[in-house]
Amino acid sequence: MRIPVAVTVARRSRSARLAAVLAAVLLAAGCSGSPGEETPSPAAQGTIAEEPAASGGDDSAGGASDEGGKTAAVVPQESYEVTPAPEGFVPPEPCTGEGAFYAELGGEANPGLPERGGESLTVSLESIEGDSALLMAQVGDSPAREIGPITLGETVAVDLWTLSVTSVCADTEQVEFDLID
């Protein structure tokens, strides 16, 4: 029996392609660990997932490299812990109108808080519900973090500052507080 040369070449091409695909699959499987052994995900291993970083230009001209163009994923910041009012504290009406500093809904503390340790603190009012307020605090250029809910007589330590809420006015959408040294 005589097999045409063209048919033989076609069969070898299909066989060669199949062998190449199988080799690639086996190599990929071999890189992930031993047969039957599952590799835990980065989250299961306790590592932070990485994302490609945006490139601001051509690093080949002698610029700095970020070692592979990857940066750590952003981790959500916890809110600042509110300290309850002292035992036996009887709060007055929530809108007392007293306090050295105040913040209006959507605005920052006025007057501005003094710098400490070369850093600034920006406090803003996000919302008021009843006699409690939700504030945001930003130290220097760091991301803003939540304070709240907080109400009269309660305090919060934000880095080098301790704030004490003295008034929560839902009608005027304003919160007043003192800075405790």
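Here is a short back-and-forth about a predicted model and the labels its residues carry.

Me: To get my bearings, what makes up the protein chain in terms of helices and strands?
Reply: There is one helix and there are ten strands. Reading from the N terminus, the helix leads and the strands follow, in the order α-β-β-β-β-β-β-β-β-β-β. Buried residues account for 23% of the 181 residues.

Me: Why is Ser164 called buried?
Reply: Its relative accessible area is 14%, and buried means under 20%, so Ser164 gets that label. Ser164 sits in strand E9, residues 161–169. Setting aside neighbours within four places in sequence, Ser164 is in contact with Glu154, Thr155, Glu176, Phe177, Asp178 and Ile180.

Me: What makes Thr155 buried or exposed?
Reply: Thr155 comes in at 19% relative accessibility. The cut-off for buried is under 20%, so Thr155 counts as buried. You'll find Thr155 in strand E8, residues 155–158. Not counting residues up to four places away in sequence, Thr155 touches Glu81, Val82, Thr83, Ile150, Thr162, Leu163, Ser164 and Ile180.

Me: And Thr83, why does that one count as partly exposed?
Reply: Thr83 has 42% relative accessibility. Buried would need under 20% and exposed over 50%, with partly exposed in between, so Thr83 lands in the middle class. Thr83 belongs to strand E3, residues 82–83. Beyond neighbours within four places in sequence, Thr83 is in contact with Glu154 and Thr155.

Me: How do you know that Thr83 and Val156 come together in space, and how many residues apart are they along the chain?
Reply: They are 73 residues apart along the chain, yet their C-alpha atoms are separated by 5.9 Å. Across the chain, among contacts between residues at least 6 apart in sequence, 44% join residues at least 24 apart.

Me: What makes Asp141 exposed?
Reply: Asp141 has 80% relative accessibility; exposed means over 50%, so the label fits. Asp141 is in the loop between strand E6 (132–139) and strand E7 (145–150).

Me: Which residues form the negative surface patch, and why is it called negative?
Reply: The patch is formed by Glu115, Glu119, Asp141 and Asp159. Asp and Glu count as negative, so a patch of these four gets that name.

Me: Why is Asp159 called exposed?
Reply: At 52% relative accessible area, Asp159 passes the cut-off of over 50%, so exposed it is. Asp159 lies in the loop between E8 and E9.

Me: What is noteworthy about the phi of Asp159?
Reply: Phi is positive there, about 55 degrees, although Asp159 is not a glycine. Most residues other than glycine have a negative phi. Glu173 also has a positive phi, about 50 degrees, and is not a glycine either. Glu173 lies in the loop between E9 and strand E10 (174–180).

Me: What makes Glu173 partly exposed?
Reply: Its relative accessibility is 41%, which lies between the 20% and 50% limits, so Glu173 counts as partly exposed.

Me: Where are the cis peptide bonds at Pro111 and Pro149?
Reply: One joins Asn110 and Pro111, with omega about -10 degrees, and Pro111 is in the loop between E4 and E5. Another runs from Gly148 to Pro149, with omega near 0 degrees, and Pro149 lies in strand E7. For context, most peptide bonds are trans.

Key
Residues are numbered from 1 along each chain as its sequence is written. This is a predicted model: local features need pLDDT of at least 70, side-chain atom pairs count only at pLDDT 80 or more; totals for chains, interfaces and linings use all residues. Side-chain values use heavy atoms; hydrogens and water are left out. Helices (H or I, at least four residues) and strands (E, at least two) are DSSP runs, numbered from the N terminus. Buried means under 20% relative accessible area, exposed over 50%, partly exposed in between (1.4 Å probe, protein chains only). Contact means heavy atoms within 4.5 Å. Patches are made of residues with over 30% relative accessible area and no salt bridge: like charges are joined within 9 Å, nonpolar side chains (Val, Leu, Ile, Met, Phe, Trp, Tyr) within 5 Å. Accessible areas come from the Shrake-Rupley method with a 1.4 Å probe; for residues, only the protein chains shown count as cover. A salt bridge is a side-chain nitrogen of Lys or Arg within 4 Å of a carboxyl oxygen of Asp or Glu. The place of a charge is taken as NZ of Lys, CZ of Arg, CG of Asp or CD of Glu.
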